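These are my notebook entries on one protein chain. I recorded what I looked up, entry by entry.

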Amino acid sequence: NKQIILKDYVNGFPKESDMIFKTTTVKFKVPEGSNAILVKNLYLSCDPAMRFRMRKTEGSYVDSFVPGSPITGHGVAKVLDSGHPNFKKGDLVWGRSVGWEEYSLITDPETFFKIGCTNVPLSYYTGILGMPGMTAYAGFYEVCSPKEGEFIFISAASGAVGQLVGQFAKLMGCYVVGSAGTKQKIDLLKNKFGFDEAFNYKEEHDLDAALKRYFPKGIDIYFENVGGKMLDAVLLNMRLNGRIAVCGMISQYNLEQFEGIHNLVFLIIKRIRMEGFIVFDYYHLYPKFLDMVLPYIKEGKIDYVEDIVEGLESAPTALVGLFSGRNVGKQVVVVAHE
Ligand code: NDP
């Protein structure tokens, strides 16, 4: 069983050398009488929140990784053996506790979803049809309270979550602007995902001026993925009764001390509702989400871009790349093609 092991807790930006590629001879087996499942891992998801788990955290919504053990995360897998009544050999599943290894013994299969629709690429269940898709859906429809014609801004807009939020907002008839970190990503936002406008935040020395350029009348909804200076600039540009859905703050994840925000007083002045959310609280909506998004994919109403790398040994580089914006679209690692 090949595995990716976390060496130790990480300070600052994660590096490839924080993880080790290892081959073990240990063979997993479903213990007699247990309800675990044995799976072959197919696709691994690289998610920014995995950075939280690389530090020793207390009071977070996810547990820290265990140094010396394989990294775990979201993934798509095939069931090889099952002690659980809901799963049988041959089932395809996705869930949040797949090991970064070829085979995993999963002791909490209740948290896994069985994959019903297989006439889409299976890797989609790490993204548009999995956790990031649900994040975009719950964040936009449940937290943002969107209305047709509203002005929406999305940061890290070309990523797994952002590209979907933007397209949901366009389908609702909103004016949508996104920010991202390269020209290629800006082209994708405007020409593939149908955003009205997009800008490269790395080329703007004054984010407030950039936002004023694209939102002369202000922003109704900010879908927050990055935090820091961008949030401060957005606060200066929100409209009355605006909403900020705090999905993530990737610019803060590698800092030992989080940056302060200066313009929070605008929450009062503009009567803004700013609300953080975690996707796991919305998984009861998953069937409803699939009913909406599968037809959108089949009818070509939603486009989806993934950044796929081959081989478990590529996983550390892929994960680290999220924090410098190397990924273009959803970052996926192929461990095996079924
Ligand atoms: P992405 O696919 O968007 O990948 C991360 C991207 O973030 C990078 O490609 C990069 O793009 C951008 N980025 C990296 N560092 C910075 C920085 N310092 N400042 C600004 N942008 C940066 O990731 P996801 O779509 O999977 O996740 C987006 C956000 O949503 C994250 O904050 C994540 O933690 C959060 N999230 C929250 C969930 C929840 O339940 N609340 C669930 C899932 C995700 P660029 O080139 O544009 O800089």
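**Entry 1. Strands S8, S11 and S12**

I began with strand S8 (residues 151–154) and found it joined to S11 by 3 bridges, the two strands running parallel. The model is a predicted one, and I read every entry with that in mind. For a specific pair across this junction, I noted Ile154, whose bridge partner in S11 is Phe223.

I then turned to the other neighbour, strand S12 (residues 238–246), which runs parallel to S11 and is joined to it by 5 bridges. Here I recorded Tyr222, whose bridge partner in S12 is Ile244. I followed the chain from S11 to S12 and found that it passes through helix H6 (residues 229–235), in a β-α-β crossover that is right-handed.

Is strand S11 buried or exposed? I checked residues 219–224 and found 6 of the 6 buried, so S11 is largely enclosed by the rest of the structure. Buried here means under 20% relative accessible area.

**Entry 2. Strand S3 and its partners**

I next examined strand S3 (residues 37–45). I found 8 of its 9 residues buried, so this strand too is largely enclosed by the rest of the structure.

Which strands pair with S3, and in what sense? I listed the following.

- Strand S4 (residues 72–82) is antiparallel to S3, with 7 bridges between them.
- S6 is joined to S3 by 4 bridges, and the two run antiparallel.
- S15 pairs with S3 over 3 bridges, in the antiparallel sense.

I looked up individual residues as well. Leu44 has Gly75 as its bridge partner in S4, and Val333 as its bridge partner in S15. Val39 has Ser104 as its bridge partner in S6.

I also looked at the loop that leads into S3 from strand S2 (19–23), where Pro31 is placed. Pro31 has 42% relative accessibility and therefore counts as partly exposed. I noted its C-alpha atom 9.7 Å from that of Ser82, although 51 residues separate the two in sequence.

**Entry 3. The nonpolar cores**

Which residues of the largest nonpolar core touch the most other members? Among the 62 residues of this core, I recorded Trp94, Tyr125, Ile128, Leu129, Met134 and Phe168. I found that helix H8 (residues 286–298) gives the most to the core, with 8 residues.

I took Leu129 as the case to follow. Leaving out residues up to four places away in sequence, I found Leu129 touching Trp94, Val120 and Tyr124, and also Tyr286, Phe289, Leu290, Val293, Leu294 and Ile297. I also recorded a second, separate core of 31 residues, whose members include Val10, Ile37, Cys46 and Ile71.

**Entry 4. The second largest pocket**

I looked up the second largest pocket and recorded a volume of about 300 Å³. It is lined by 16 residues, of which Pro70, Thr72, Ser97, Gly99 and Leu105 are the closest to its centre. I found that strand S5 (92–99) and strand S6 (103–106) each supply at least two residues of this lining.

**Entry 5. Two residues with positive phi**

I checked two backbone positions that have a positive phi without being glycine.

Ser145 is not a glycine, yet I found a positive phi of about 45° there. Its place is in the loop between helix H2 (131–143) and S8. With 34% relative accessibility, Ser145 counts as partly exposed.

Glu338 also has a positive phi, of about 65°, and is not a glycine. I located Glu338 in the segment after strand S15 (330–334). Its relative accessible area is 48%, and I entered it as partly exposed. The class holds because exposed requires over 50%.

**Entry 6. Glu204**

Where does Glu204 lie? I located it in the loop between strand S10 (197–200) and helix H5 (207–214). Not counting residues up to four places away in sequence, I found Glu204 touching Phe199, Ala210 and Arg213.

I closed by relating Glu204 to strand S11 of the first entry, through Tyr222. The two residues are 18 residues apart along the chain, and their C-alpha atoms are separated by 18 Å.

Terms used: Residues are numbered from 1 along each chain as its sequence is written. This is a predicted model: local features need pLDDT of at least 70, side-chain atom pairs count only at pLDDT 80 or more; totals for chains, interfaces and linings use all residues. Side-chain values use heavy atoms; hydrogens and water are left out. A nonpolar core is a set of buried Ala, Val, Leu, Ile, Met, Phe, Trp, Tyr and Cys residues joined through side-chain atoms within 4.5 Å. Buried means under 20% relative accessible area, exposed over 50%, partly exposed in between (1.4 Å probe, protein chains only). Contact means heavy atoms within 4.5 Å. Two strands pair if DSSP finds at least two bridges between them. A crossover is right-handed if, with the strands pointing away from the viewer, the path from the first strand over the helix to the second runs clockwise. On a 1 Å grid over the protein atoms alone, a cavity is a set of points where a 1.4 Å probe fits but cannot get out, and a pocket is an open set with protein on both sides within 12 Å along at least five of seven lines; lining residues have an atom within 4 Å of a point. Grid points are joined across faces, edges and corners, and a volume is the space filled by probe spheres set on the points.
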